[in-house]
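Opening my notebook on a new structure today. I want to see how the helices sit against the strands and what fills the inside.

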Amino acid sequence: MNIRVVATGSTPRERRERRWGLSLLLGNSVLLDTFGMPSVFRENLCRTAEDVSRIRHVVLSHEHWDHVDGLVALAEQNPKATVYICPSTERSVKAWIKGLGMPVVEAADWLEIEKSVFLSGEIAGTWSGNPLWEQFMVIQEPPGLSVLTGCAHPGLSPILQCVRRRFPDPVTLLMGGFHLLNSSREEISVEIAALRMFGVQRVAPTHCTGELAVQMLRDAFGNRFLDVEEGGLINTQSD
């Protein structure tokens, strides 16, 4: 499957300017997150998607603005797309999402939204010492699994443990925000060791991963490291 990078914000400057967040288009019909700046999301989506009306599913990984705010732009263009949120999404954010008039599904557990395309349902994470629920996506196709994260607030290891309990297949690609932006070199080294322990074959980090972690992952994975660029494309089955 082709994954197109609709929008990503990952640099300190982009964070200051609130051009921050992530949005990925899986094939032609599934979106993971909708970025944090609606104007950028709208413009990029029109360039990236063959036909915006073909988008049937929108998975919001969690409630933070930089992953949901662009939804208002999609609601104007394709209000029939179904939006999947965590049941524990903060009440005011949930009300705002439902107020856009799109069908909303609260996913508490694993759900296959298209053939071989799964969302995890909510799992517990933390943000600034407070609980934060997040869901991630899995694409199951030969030769293995592609795991896609919005921010990975629950942690990469808990996410991969969750995947291992559900699927016997190897993880051939781990892509998205890894939430290592404020982690030390030692903490990042522990995470890289965990990825190796779980047998992750390729990594494509972006957004909240952080520059130090991106460089350390590049060094660790070599030609199994994939650059994530806005407007770019990653094929999940390419070696």
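**Helices on the sheet**

I began with helix α2 (residues 38–48), which lies across β1 (2–9), β2 (21–26) and β3 and runs at about 160° to β1. Note to self: this is a predicted model. Next I looked up helix α5 (residues 91–99), which packs on the sheet and touches β5 (82–85) and β6. The direction of α5 makes about 145° with that of β6.

**The sheet itself**

I traced the strand order of this open sheet of 7 strands: β6-β5-β4-β3-β2-β1-β15, with mixed pairing. At the edges I found β6 (104–106) and β15 (233–235), each pairing on one side only. I also looked up the turn between neighbouring strands, and on average it is 20°, direction ignored.

Then I zoomed in on β3 (residues 30–32) and β4 (residues 57–59), which run parallel and are joined by 3 bridges. Here I saw V30 standing opposite H57 in β4.

**Helix α6**

Which residues of α6 (residues 156–166) are buried? I got L156, I159, L160, C162 and V163. They cover an arc of only 155° around the axis, so they end up on the same side of α6. I checked what covers them, and the list includes β9 (123–127), β13 (171–177) and α7 (185–197).

**The cores**

The largest nonpolar core has 29 residues, and F136, V138 and L195 touch the most other members. Its largest share, 5 residues, comes from α6. I also found a second, separate core of 24 residues, with F41, I55, V58 and V93 among them.

Terms used. Residues numbered from 1 in each chain as written. Predicted model: local features only at pLDDT ≥ 70, side-chain atom pairs only at ≥ 80, totals over all residues. Heavy atoms only, no water. Buried < 20%, exposed > 50% of the residue type's maximum accessible area, 1.4 Å probe, protein only. Helix = DSSP H or I, 4+ residues; strand = E, 2+ residues; numbered from the N terminus. Arc of directions from axis to C-beta. Contact = heavy atoms within 4.5 Å. Core = buried A, V, L, I, M, F, W, Y, C linked by side-chain atoms within 4.5 Å. Pairing = 2+ DSSP bridges. Axes fitted to C-alpha atoms, helices over the stretch in contact; angles between N-to-C directions.
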